[in-house]
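Here are my notes on this model, as numbered points. Have the coordinates open while you read.

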Amino acid sequence: MNFKYKSKYKLVLLIPLLFSVASCKDLLDPKPLLYVSEENSIVNKKSADAALIGTYSALSQNSYQGNTFRYILNLSDDNLRWVGNSPSNREFDVHDVFATNTSISALWGALYSTINSSNNLIQSVPKVNDQTFSQTDRNTAVGEAYFIRALAYFDLVRLWGNVPIITESTRNPNSGNGIGNSTPAQVYKQVGEDLEAAQNLLPGSPAVLNRNRASIYAVYALKSRLFLYLGQWQQAIDYADLVIRETAKFSLVPSYSAFFNAKNTTESIFEIDYTINNKNSWAGNWFASNITGGTRELLPTDEFIALIRGPYGGDRKSLLLDINTPPKGIITYGNMNFKLSTGENQVYAIRIAELYLIRAEAKAELNKTTEAVSDIRTIRLRAKAADEDLNGLTDKSLIIAKVLQERRLELAYESHRWFDLIRRGLAQQVLGIGDANKLLYPIPRQELLVDKALKQNPGYN
């Protein structure tokens, strides 16, 4: 598979720092969180299974998918606005993020801890001498690790641009320094190669589909998303088709709200689960402290409320907005994230609706306008939204605009809008950002202090 980096649209990319080993407690004091100690070595099947669970745990931690990743991206777009008290969180809403921002540092560290955990599995599992560890089980464990690493690098390159590629587990606090930045082309190539490796290792037709674990279908779906970003339209279509055609496993649920009111529906291709023993703090951002103990930092923008309550939101998607909470008359706008007391709201990393919209956009780019419109209609019908505006629509640019609008509504709060605006070259115009350097994030200052070889991104000196 040839993964070529090209962009028909100008992606504004920052030059992020090299990986270091800063912990959340003290980013200047290296701790074991970001390197593999001897006592955590993989020596048999049991320790490999434990390490794989640990890798999923790294992916799901609050400083990555559990909260910070979603908080930063949703607040950066035009669907949500900030109404909280933390000045550092306001930086994302006004697109003026400082290199000392603790959320930026936490997310960087969480991404690389996830990668390092994946590296440990990829590097160690093939060497394990354990007769009870079958080759099939080894392949599956390593395949899942490749998928998780691909997802983390895909997030890194979209957030920071030129990020260091680390493919071996770090064994001491200083081994991550001095590796050097890679170009976006190199990082996207690494993502593609990791997904290719995962595809070759994971079972081609799993007997039992676990939507909370990486599967061959999750690989196909992430490949489709990757090719969309690279402007390789036919490949994006082909990999979307591989999942959409599996109608017995994946389908749009009859009601839009059903996929977030129940776990692991046919909507989900890869869903990150949370339990009472593995909570996330995302819901707390939506609820007021005098009602439920939340922080109420996020509210939908007036523009988004009007759009989703209009004809194209339908009578289904507006369910995202309102939660009536006591005392009577108080409304919280975050219906998708309602499990404040338990922290069990799942994360929809990849779901089938996204693939319909990826396919629609790619088909429009290839002037397959009738097929593109059909995919948009499929999404509209599920929400019982108006679709008369699609009748007779053949103009490529207008269809792409409809896809972007549909992505904004369908995937609201799911961390896509900010990236969609950037990859389409619309972010500065839509969000009113004067400095193109602000489209991505600064290198955390703590990382610069740890590794003197690092240079700050343009616009943040």
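1. Let me start with Phe259, which is buried at a relative accessible area of 1%. Buried here means under 20% relative accessible area, exposed means over 50%, and partly exposed is what falls in between, with a 1.4 Å probe and protein chains only. Before going on: this is a predicted model, where local features need pLDDT of at least 70, side-chain atom pairs count only at pLDDT 80 or more, and totals for chains, interfaces and linings use all residues. Residues are numbered from 1 along each chain as its sequence is written, and side-chain values use heavy atoms, with hydrogens and water left out.

2. Which residue pairs with Phe259? The partner is Tyr348, in an edge-to-face aromatic pair at 5.0 Å centre to centre and 80° between the planes. For the terms: rings of Phe, Tyr and Trp (its six-membered ring) pair if their centres lie within 6.5 Å, and planes under 30 degrees apart count as stacked, over 60 as edge-to-face and the rest as tilted. Phe259 sits in helix H10 (residues 258–261) and Tyr348 in strand E6, so this contact ties together parts 89 residues apart in sequence. Helices (H or I, at least four residues) and strands (E, at least two) are DSSP runs, numbered from the N terminus. Tyr348 counts as buried too, at 7% relative accessibility.

3. Stay with E6 for a moment. Five of its five residues are buried, and E6 is mostly covered. E6 pairs with E2 in the antiparallel sense over four bridges; two strands pair if DSSP finds at least two bridges between them. Glu271 stands opposite Tyr348, and Ser268 has Arg351 as its bridge partner. Strand E2 (residues 268–272) has five of five residues buried, so E2 is largely enclosed by the rest of the structure.

4. Tyr348 turns up again in the internal space. There are three cavities of 30 Å³ or more, and the largest has a volume of about 210 Å³. Of the 18 residues lining that one, Gln65, Val347, Tyr348, Ala349 and Glu414 are the closest to its centre. On the method: on a 1 Å grid over the protein atoms alone, a cavity is a set of points where a 1.4 Å probe fits but cannot get out, a pocket is an open set with protein on both sides within 12 Å along at least five of seven lines, and lining residues have an atom within 4 Å of a point. Grid points are joined across faces, edges and corners, and a volume is the space filled by probe spheres set on the points.

5. What supplies the wall of the largest cavity? Helix H3 (68–76), helix H6 (135–160) and strand E6 (347–351) each give at least two residues. By type, the lining divides into eight nonpolar, five polar and five charged. Ala, Val, Leu, Ile, Met, Phe, Trp, Tyr, Cys and Pro count as nonpolar, Asp, Glu, Lys and Arg as charged, and the others, Gly among them, as polar.

6. The second largest pocket holds about 330 Å³ of space. Its lining has 20 residues, and Leu52, Thr140, Glu144, Arg213 and Ala214 lie nearest the centre. Helix H1 (45–60) and H6 are the elements that give two or more residues to this lining, and H1 has the largest share, with five. The split is twelve nonpolar, three polar and five charged.

7. H6 matters for the packing count as well. The largest nonpolar core has 122 residues, and Phe147, Trp160, Ile269, Phe270 and Tyr441 have the most contacts inside it. H6 gives the most to this core, 15 residues. A second, separate core of ten residues includes Ala360, Ile376, Leu390 and Leu393. A nonpolar core is a set of buried Ala, Val, Leu, Ile, Met, Phe, Trp, Tyr and Cys residues joined through side-chain atoms within 4.5 Å.

8. Finally, two backbone spots to look at. Lys384 has a positive phi of about 55° although it is not a glycine; this residue is in the loop between helix H13 (369–383) and helix H14 (396–410) and is exposed at 53% relative accessible area. Ser415, also not a glycine, has a positive phi near 70°. Ser415 lies in the loop between H14 and helix H15 (417–423) and is buried, with a relative accessible area of 8%.
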